[in-house]
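Here is a short set of questions for a first-year student. Keep the model in view as you read.

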Amino acid sequence: DSELWLSCTIVTRLCWPDLPNDKLTLPPAIRAQFDVYNDHYHAAKAPRRLMWRPNLGTVEVELAFEDREITLQVSPAQAALLTVLEDRPKCSLAELASAIGLEPSVAERRLGLLVSSRVLKETRNADPTEHIYTVMEVLQPEDEEDTFEGHADVESDDEKEPDIDPQW
């Protein structure tokens with residue numbers, strides 16, 4: 001079983017601009033960590049409660065495969081997608097998008113980093129929602145030569161998270 005650790009930045013609505021609140025359905029194990037954090041915060045700072053923006057920030061994931069271990073910095077959406085793939089190592093784009101509440105086109109962009117990092121193998125279909133993503137437990141020689149050119153490793157400017165730097 002994986003160990004989860006949560007760290008957050010608390011910002012007040014009075015000092016920061018409106019932050020995006022895209023819908024992202026967190027897997028139950030991750031949601032439970034948010035709930036525990038919120039309960040401790042409320043106990044210490046009653047009557048205040050936290051309003052989570054789970055689509056913001058970064059997640060450090062340590063992935064162990066049969067032939068390698070890697071650590072990646074990913075978005076919360078990418079971490080949620082990995083959590084779905086932990087239980088079902090082969091899923092269609094439609095299944096993955098539905099599991100975390102994203103549009104398929106957004107989920108496909110988020111999966112691009114995981115494909116280019118050789119965490120997932122993508123099997124394309126004429127219907128993009130039927131692309132199949134499979135966890136690559138073992139790298140094959142042909143996988144070493146793939147270039148994964150169709151995927152962007154970084155998000156475009158309109159998808160980036162706001163730059164929140166409390167150091168003024």
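A contact means heavy atoms within 4.5 Å. This is a predicted model: local features need pLDDT of at least 70, side-chain atom pairs count only at pLDDT 80 or more, and totals for chains, interfaces and linings use all residues. Residues are numbered from 1 along each chain as its sequence is written, and side-chain values use heavy atoms, with hydrogens and water left out.

Q: Among contacts in the chain between residues at least 6 apart in sequence, what percentage join residues at least 24 apart?
A: Start with the pool: contacts between residues at least 6 apart in sequence. Then keep those that join residues at least 24 apart. The share is 58%.

Q: What pattern does the chain follow along the sequence?
A: Helices (H or I, at least four residues) and strands (E, at least two) are DSSP runs, numbered from the N terminus. The chain has 5 helices and 5 strands. Read along the sequence, they give α-β-β-α-β-α-α-β-β-α.

Q: What percentage of the residues of the chain count as buried?
A: Buried means under 20% relative accessible area, exposed over 50%, and partly exposed in between (1.4 Å probe, protein chains only). The chain has 168 residues. The buried share is 35%.

Q: Which element gives the largest share of the largest nonpolar core?
A: A nonpolar core is a set of buried Ala, Val, Leu, Ile, Met, Phe, Trp, Tyr and Cys residues joined through side-chain atoms within 4.5 Å. The largest one has 34 residues, and Leu96 and Leu111 are among those with the most contacts inside it. Elements giving two or more residues to this core include helix H1 (28-45), helix H2 (76-87) and helix H4 (104-116). The largest share, 7 residues, comes from H2.

Q: How do H2 and H4 pack: roughly parallel or roughly perpendicular?
A: Axes are lines fitted to C-alpha atoms, for helices over the stretch in contact, and angles run from 0 to 180 degrees between N-to-C directions. Here the angle is about 80 degrees, with the axes 9 Å apart. Angles under 35 degrees count as roughly parallel, over 145 as roughly antiparallel, 65 to 115 as roughly perpendicular and the rest as oblique. So H2 and H4 are roughly perpendicular.

Q: What type of aromatic pair do Tyr37 and Trp52 form?
A: Rings of Phe, Tyr and Trp (its six-membered ring) pair if their centres lie within 6.5 Å; planes under 30 degrees apart count as stacked, over 60 as edge-to-face and the rest as tilted. Tyr37 and Trp52 are 5.7 Å apart centre to centre, with 80 degrees between the planes. Tyr37 lies in helix H1 and Trp52 in the loop between H1 and E1, so the pair ties together parts that are 15 residues apart in sequence. The pair is edge-to-face.

Q: Is Trp52 buried or exposed?
A: Its partner Tyr37, at 27% relative accessibility, counts as partly exposed. Trp52 has 17% relative accessibility, so it counts as buried.

Q: Which residues does Glu130 touch, not counting residues up to four places away in sequence?
A: Glu130 is found in the loop between strand E4 (120-123) and E5. At 36% relative accessibility, Glu130 counts as partly exposed. Its contacts are Ser92 and Asn125.

Q: Which residue does a cis peptide bond join to Ala46?
A: Most residues other than glycine have a negative phi, and most peptide bonds are trans. In the cis bond at Ala46, omega is about 10 degrees. The partner lies in the loop between H1 and E1, and is Pro47.
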